[in-house]
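Me: Could you walk me through this model and tell me what stands behind each label you use?

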Amino acid sequence: MKLLVLGGTTEAAALAAGLAGRPGLDVTLSLAGRTSHPKPAAVPTRVGGFGGVEGLRAWIAAHGIVAVIDATHPFAAVISRNAAEACAALRRPLLALRRPPWRAGLGDRWIEVGTMPQAVAALGDTPRRVFLTVGRLELAPFSAAPQHRYWVRTIEPIGDALAAPEVVAIQARGPFEEESERAFLESQRIEVVVTKNSGGAATYGKIAAARALGVPVVMVARPAKPEVPSLESVEEALVWIEAHRTTPTLRGVST
Ligand code: NAP
């Protein structure tokens, strides 16, 4: 049974590891190619876009894929939509692995916004010391607010993505623990954190640290993803795959 796992997340890597070596399963992990040195995966990996919904549909058909697992990032909305359309057209089962969003709790000082330009506006006119953890590809809107001093943490170098006079670039890959995040926020006297509502444990440390220090967090809400069958954990997805591989639903479309 051939499975395509759309990845680029911790969960996709964990799912691939959980599926690797299982008899009767032939799993391909797909990465967009945004990071130049992705962590080695436990299953064969392909890298790069498919060429829109038509390209994805052709790839699934040509490779005899029986089911697709969309384990992409909560903010990767285009590929999820493409997967939903391609799987619907080909009548292939699609399962989304979607980690729950973070929710504000007691002591959190969140400013919830819907878009990155709204996050920029939420910083205000007064210069502030800003910890920016929105990803390299989302930095450009902050060039409109060059009065702030930015500490920008990304996996890849930011190059000239953020045009502001005071930028401290930090290259690092999670997970990040609360204790080290707290030490960082304190030592740099960070006044506000900006983040996407990615969910998950790997990058929650900054949220907990900000709460402990009373630092406000500008929280960018997730984009809409297509309505498809979804599970929240890798363990549940493994059970779903195991259950479905023995059902006629998947055997019926097997090539
Ligand atoms: P996106 O806006 O939904 O996708 C843009 C295009 O990138 C897609 O149309 C597709 O190109 C290609 N693509 C995306 N994910 C792919 C995958 N897993 N395999 C092959 N092609 C893929 O996604 P994005 O926000 O650029 O994110 C790209 C990847 O980075 C995703 O896999 C996501 O899980 C990961 N990621 C994203 C974020 C984030 O904040 N956006 C954070 C961490 C990790 P074609 O149309 O040519 O097929």
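**Labels and the values behind them**

Reply: Happily! A nitrogen atom of the ligand is 3.5 Å from a polar backbone atom of Gly48. The model is a predicted one, where local features need pLDDT of at least 70 and side-chain atom pairs count only at pLDDT 80 or more, while totals for chains, interfaces and linings use all residues. Residues are numbered from 1 along each chain as its sequence is written, and side-chain values use heavy atoms, leaving out hydrogens and water.

Me: What makes the approach of Gly48 to the ligand a polar contact?

Reply: A polar contact is a pair of N or O atoms within 3.5 Å (within protein, one must be able to donate a hydrogen and the other to accept it, and residues adjacent in sequence count only if both atoms are side-chain atoms). The Gly48 pair has a distance of 3.5 Å, so the pair counts as a polar contact. Gly52 offers a polar backbone atom 3.0 Å from an oxygen atom of the ligand, and a backbone N or O atom of Gly7 lies 2.6 Å from a ligand oxygen.

Me: How much of the ligand's accessible area does the protein cover?

Reply: On its own the ligand has 800 Å² of accessible area, and the protein covers 78% of that. Such areas come from the Shrake-Rupley method with a 1.4 Å probe; for residues, only the protein chains shown count as cover.

Me: Which residues surround the ligand most closely?

Reply: The shell holds 22 residues, the closest being Gly7, Ser30, Phe50, His73 and Lys196. A residue is near a molecule or strand if one of its heavy atoms lies within 4 Å of it. Helix α3 gives the largest share, four residues. By class, the shell has eight nonpolar, eleven polar and three charged residues. Here Ala, Val, Leu, Ile, Met, Phe, Trp, Tyr, Cys and Pro are nonpolar, Asp, Glu, Lys and Arg are charged, and the others, Gly among them, are polar.

Me: Why is α2 called oblique to α3?

Reply: Helix α2 (residues 52–62) packs against α3 at about 50°, with the axes 9 Å apart. That angle makes α2 oblique to α3: under 35 degrees is roughly parallel, over 145 roughly antiparallel, 65 to 115 roughly perpendicular, and the rest oblique. Axes are lines fitted to C-alpha atoms, for helices over the stretch in contact, and angles run from 0 to 180 degrees between N-to-C directions. Helices (H or I, at least four residues) and strands (E, at least two) are DSSP runs, numbered from the N terminus.

Me: Why are α5 and α6 oblique to each other?

Reply: Helix α5 (residues 178–187) and helix α6 (residues 205–213) pack at about 55°, their axes 8 Å apart, and α5 and α6 are therefore oblique to each other.

Me: What is unusual about Arg91?

Reply: Arg91 has a positive phi of about 55° although it is not a glycine. Most residues other than glycine have a negative phi. Arg91 sits in the loop between α3 and β5 (94–97).
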